[in-house]
Amino acid sequence: MFEWSEEHQMIRTAVRDFVEKEVRPHREELEHGDLPPYDLLRKLYTTFGMDSMAAASFDRRIAREEAGDTGRDGGSGDSGMTMLPIIELCRCSPGMVTAMGVSVGLTSAAIMSKGTIAQKKRWARDILTMEKIGAWAITEPASGSDAFGSMQSTARIDGDEFILNGSKTFITNGPFADTIVFICKLDEGNPPAERRVVQFVLDRGMPGLEQSKPLRKMGMHSSPTGMLFLDDVRVGYDRLLGESLDAYSGKQGREASKSTFTIERTGVAAMALGIIERCLELCVPYAKERVQFGQPIGNYQLIQLKLAKMEVARLNVENLVFRTLEMSAAGKALGLAEASAMKLYSAQVATEVALEAVQLFGGNGYMAEYEVEQLARDAKVLQIYAGTDEIQITHIARALLA
Ligand SMILES: Cc1cc2nc3c(=O)[nH]c(=O)nc-3n(C[C@H](O)[C@H](O)[C@H](O)COP(=O)(O)OP(=O)(O)OC[C@H]3O[C@@H](n4cnc5c(N)ncnc54)[C@H](O)[C@@H]3O)c2cc1C
């Protein structure tokens with residue numbers, strides 16, 4: 001049975017103190033999009049030595065790969081230590097986790113899984129240590145859930161180079177990213193449905209690459225989201241992940257992009273847990289203190305039902321997170337269907353809990369000052385990004401019926 005160890009609890013308390021001292025005082029600016037989250041995230045990294053640990057782990061892995069050992073690295077240490085900052089930051093500002101996760105999780109994972117050693121050294125190390133910010137760009141104005149089928153962005157071969165064109169939207173960190181993994185189809189004159197899906201790494205400021213300002217949105221304001229426009233961006237093979245088109249034969253390109261989906265989906269469960277925990281933490285004292293009809297509202301069974309359901313959600317999501325940690329410790333990977341089931345459930349209950357928290361607070365719940373309003377807006381996107389609820393359902397059902 002998995003439980004948070006004493007060491008986990010100590011780290012958790014320390015991260016919580018950091019969030020209260022360093023992040024919460026900036027909540028207003030973060031939540032109005034006035035303050036990008038990156039300097040605070042870097043401070044988190046340096047305070048807890050996450051930057052030096054990431055660098056050391058990267059260097060060990062590269063040394064092994066240079067020695068010809070391409071096997072898995074025997075586990076990435078204690079995954080609980082990775083989950084705790086996610087949970088704790090989500091109790092205050094879930095958008096910061098989105099910004100961090102897309103950079104150090106998705107973008108670096110794409111480079112580490114498909115890149116050559118030279119490419120990993122060139123781009124992934126700095127992202128993993130938070131020196132640079134990464135973005136991972138697959139979604140386009142006309143292709144979201146059907147990411148590959150409707151994809152219009154292209155790479156065309158021109159001698160020793162590729163010419164990239166297209167636009168991407170809803171890209172987390174898009175406005176500020178230093179390094180961008182750009183996913184598109186290789187146009188070899190064949191019909192779009194038959195084109196290979198390829199991945200390139202771009203740097204901020206390259207000729208023909210435009211990064212939009214942050215888009216206005218419903219929540220997750222501490223995570224800047226933007227558009228990317230590529231107009232005849234010229235790149236060499238050194239920017240094609242894997243540095244050879246052989247790495248993209250058959251369905252390899254699509255499979256490489258899909259492998260990031262599992263990482264995203266398990267991360268969402270940890271985010272949901274942070275949101276649910278914070279809702280409970282705010283709702284329980286409020287239910288005891290707020291008096292209506294001569295008694296605390298917590299005496300009413302309708303309010304008790306809300307609290308009880310929040311606690312059930314907390315226990316269930318925590319157990320899902322623990323299961324991931326146990327599997328990771330055993331060196332086992334979660335399958336896509338299971339990760340989808342976990343994401344679907346966690347995102348739905350986090351949204352339900354946060355909306356019920358608004359209801360429990362009554363008019364105060366609708367006011368920004370009481371925090372649950374922000375948590376409800378932030379929670380909603382868990383049901384949309386990293387694959388919508390409906391898409392998770394199709395993945396779960398497909399596995400069941402296969
Ligand atoms: C805040 C935020 C951050 C994001 N960050 C990134 C990022 O960093 N990088 C990136 O590439 N993308 C990112 N996205 C994009 C996100 O992954 C997409 O929005 C998501 O996959 C849904 O695509 P869509 O918006 O085009 O909706 P659509 O695919 O148009 O879906 C519209 C509706 O139709 C439903 N639907 C679609 N297909 C089916 C089907 N087969 N069966 C049943 N229902 C269906 C959907 O579930 C949804 O309800 C982000 C989005 C948001 C909101």
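This is a tour of a predicted model, taken one selection at a time.

**Domains**

Start by colouring three ranges: 6–132 as domain 1, 137–253 as domain 2 and 255–401 as domain 3. Between the C-alpha centres of domain 1 and domain 2 the distance is 24 Å. The contact between these two involves 25 residues of domain 1 and 18 residues of domain 2.

To see the domain 1 side of this contact, select helix H2 (27–31), helix H6 (94–114) and helix H7 (117–128), the elements that each supply two or more residues to it. H6 has the largest share, with eleven residues. Sorted by class, the domain 1 side holds twelve nonpolar, ten polar and three charged residues.

**The ligand**

Next, select the ligand and the 20 residues around it; Gly144, Ser145, Thr172, Thr388 and Glu390 come nearest. Strand S1 (134–137), strand S3 (161–172) and helix H12 (389–401) are the elements that give two or more residues to this shell. Its make-up is eleven nonpolar residues, eight polar and one charged. Where does the ligand lie with respect to domain 2 and domain 3? Both domains give residues to the shell, so the ligand lies between them.

**Strands S3, S7 and S6**

Keep S3 on screen and add strand S7, residues 225–236. The two are paired antiparallel, with nine bridges. For one point of register, pick Ile163, which stands opposite Arg234 of S7.

Now add strand S6, residues 209–211, which also runs antiparallel to S7 and is joined to it by three bridges. Here Leu209 faces Leu230 of S7 as its opposite residue.

**Two positive phi values**

Stay on S7 and select Asp232, which belongs to this strand. Most residues other than glycine have a negative phi. Asp232 is not a glycine, yet its phi is positive, about 50 degrees. Is Asp232 buried or exposed? It has 11 other C-beta atoms within 10 Å, and the cut-off for exposed is 12 or fewer, so Asp232 counts as exposed.

Then go to Phe293, in the loop between strand S8 (291–292) and strand S9 (295–296). Phe293 is another non-glycine residue with a positive phi, near 55 degrees. With 7 other C-beta atoms within 10 Å, Phe293 is exposed too.

**A buried phenylalanine**

For a contrasting Phe, select Phe182 in strand S4, residues 179–187. Phe182 has 26 other C-beta atoms within 10 Å, and the cut-off for buried is 20 or more, so this residue is buried. Setting aside neighbours within four places in sequence, Phe182 contacts Ala137, Leu164, Phe200 and Leu202. For a distance across the model, draw a line from the C-alpha atom of Phe182 to that of Glu31: the two residues are 151 apart along the chain, and the line spans 28 Å.

**The largest nonpolar core**

Finish with the largest nonpolar core, which has 100 residues. In soluble globular proteins, nonpolar side chains tend to be buried together. Ala272, Ile276 and Ala354 are the members that touch the most others in this core. Helix H10, residues 336–360, provides the largest share of the core, twelve residues.

Centre the view on Ile276. Beyond its neighbours within four places in sequence, Ile276 is in contact with Met310, Ala313, Arg314, Val317, Val349, Ala350 and Val353.

Notes: Residues numbered from 1 in each chain as written. Predicted model: local features only at pLDDT ≥ 70, side-chain atom pairs only at ≥ 80, totals over all residues. Near = placed C-beta within 6 Å. Helix = DSSP H or I, 4+ residues; strand = E, 2+ residues; numbered from the N terminus. Nonpolar A, V, L, I, M, F, W, Y, C, P; charged D, E, K, R; others polar. Domains from an automatic or database assignment. Pairing = 2+ DSSP bridges. Contact = placed C-beta atoms within 7 Å. Core = buried A, V, L, I, M, F, W, Y, C linked by C-beta atoms within 7 Å.
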